[in-house]
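Work through these exercises with the sequence and the model side by side. Try each task before you read its solution.

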Amino acid sequence: MKLRNYYENIYRTYYSLLSPSTVASYESTWRLHINPKFGDWEIETIRVRDINLWLTTFDTAGAARKSFKILRQIINASIADEVYSDAVAEPKFRAVRQPKVHPREKPRSMTPKEINKLLRAVYGWTYESTVICGVWLGLRRSEQCGLQWRDINLKTGVVIIRRGLQVVDREVIVTEVKTHRSLRPNVLPKVAIERLREIKRKINPKPTDWLLNDPNPETYARKLKAYTKSQGIYCPAPKFFRHNYSTNMHKIGVPDIDIQYALGHEEFSTTANNYMVLDTDIMRRNVRKFEREVLKAGN
């Protein structure tokens, strides 16, 4: 079976299990990179040497690695669906030479002092309530934008993360949370509860109204960047609020398992590998412990 026929008639049906933003990303990669090269190939004729040569034609390592990832998924799915010839050995994907991605430094986490400055700076600003929840709860950008007033219990401070807002093909859509663990409660501190009560009394929203006045995640991120820059304060993009949350929680000694659950991750390795930043204060604390042990050993 040709790769294009398998993709269009079988593989695309699996997209119903994925989020719309993921589907849009996969479809774009298929259309731009995979289909033009391998669409007319019989699946079992696609060998490692062909993939290696194909990967040398990309302008960026990121696009090459993403395209290979999706091609590998499609071929593996065809093997599982038994449309791959039994007479041909499965390709040894470990032999694929993926281009090296140059490391990019993530924005540093905000310190508690910088978080304090941010919360003071957004006081009375259009997106204040969204920033409050994003910073105090460590939410994904889509989760920050997907909050409605009915999701927040201003008596107990409990917030239920139920949905997200994403921009797909320039259209804002409501999405489900990423995984079953992402459908979770979290709790706001007293200072956040009191401020949200004030905001709610002032605007008197309906339960289904969005916290985000203009429910567009890209507009929110762009305006937050411009606003904080005009105020002369440090603030990373909203998607990095999770990094701030996990790093600062770890720094003050909150158990790792509690951080994992608060962020809605299936495994702690996801939290540690992607959202925790070992900042210099933590490293300084650890090296002091190490120093004490070394000096003690010499006595």
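**Exercise 1. Find the residue whose side chain meets that of Glu27 in a salt bridge, then place both partners.**

Step 1. The model is a predicted one; local features need pLDDT of at least 70, side-chain atom pairs count only at pLDDT 80 or more, and totals for chains, interfaces and linings use all residues. Residues are numbered from 1 along each chain as its sequence is written, and side-chain values use heavy atoms, with hydrogens and water left out.

Step 2. The partner is Arg12, at 2.9 Å from N to O. A salt bridge here is a side-chain nitrogen of Lys or Arg within 4 Å of a carboxyl oxygen of Asp or Glu.

Step 3. Place the two ends. Glu27 sits in helix H2, Arg12 in the loop between helix H1 (3-9) and H2. They are 15 residues apart, and the pair links distant parts of the chain. Helices (H or I, at least four residues) and strands (E, at least two) are DSSP runs, numbered from the N terminus.

Step 4. Check accessibility. Buried means under 20% relative accessible area, exposed over 50%, partly exposed in between (1.4 Å probe, protein chains only). Glu27 has 19%, so this residue counts as buried. Arg12 has 39%, so this one is partly exposed.

Step 5. List the neighbours. Not counting residues up to four places away in sequence, Glu27 touches Tyr7, Arg12 and Tyr15. A contact means heavy atoms within 4.5 Å.

**Exercise 2. Which residues are linked with Glu143 in a network of salt bridges?**

Step 1. The network links Arg140, Glu143, Arg184 and Arg242.

Step 2. Take one pair. Glu143 and Arg242 form a salt bridge, with the closest N and O atoms 3.9 Å apart. Glu143 is in helix H7 (residues 141-145) and Arg242 in helix H10 (residues 241-251), 99 residues apart.

Step 3. Check burial. Glu143 is at 2% relative accessibility, so it counts as buried. Arg242 is at 1% and is buried too.

Step 4. Set another pair beside this one. Glu114 and Arg108 meet through their side chains at 2.6 Å, N to O. Glu114 is buried at 17%; Arg108 is partly exposed at 42%.

Step 5. Add the total. The structure holds ten salt bridges.

**Exercise 3. Explain why helix H3 (residues 48-55) is described as largely enclosed.**

Step 1. Pick out the buried residues of H3. They are Val48, Asp50, Ile51, Asn52, Trp54 and Leu55.

Step 2. Draw the conclusion. Six of the eight residues are buried, so H3 is largely enclosed by the rest of the structure.

Step 3. Look for the cover. Helix H2 (20-38) and helix H4 (61-80) are included in what covers these buried residues.

**Exercise 4. Which residues touch the most other members of the largest nonpolar core?**

Step 1. Fix the term. A nonpolar core is a set of buried Ala, Val, Leu, Ile, Met, Phe, Trp, Tyr and Cys residues joined through side-chain atoms within 4.5 Å.

Step 2. Name them. Among the 36 residues of the largest core, they are Leu118, Cys133, Leu188 and Leu196.

Step 3. Trace the suppliers. Helix H5 (112-121), helix H6 (128-137), strand S1 (158-161), helix H8 (190-203) and helix H9 (217-231) each give this core at least two residues. H6 supplies the largest share, five residues.

Step 4. Separate the other core. Apart from the largest one lies a core of 27 residues, including Tyr6, Val48, Phe58 and Ala64.

**Exercise 5. In what sense do strands S2 and S3 pair?**

Step 1. S2 (residues 163-168) and S3 (residues 171-176) pair in the antiparallel sense, over six bridges. Two strands pair if DSSP finds at least two bridges between them.

Step 2. Locate a facing pair. Leu165 stands opposite Val174 in S3.

Step 3. Inspect the turn. The two strands form a hairpin with two residues between them. Asp169, in the turn, has a positive phi of about 55°.

**Exercise 6. Where does pLDDT stay under 50?**

Step 1. pLDDT is the predictor's confidence in each residue, from 0 to 100. The protein averages 87, and 88% of the residues score at least 70.

Step 2. The stretch is residues 271-275. The model has 17 contacts for it beyond four places in sequence.

Step 3. Apply the caution. Where pLDDT is low, the predicted coordinates should not be read in detail.
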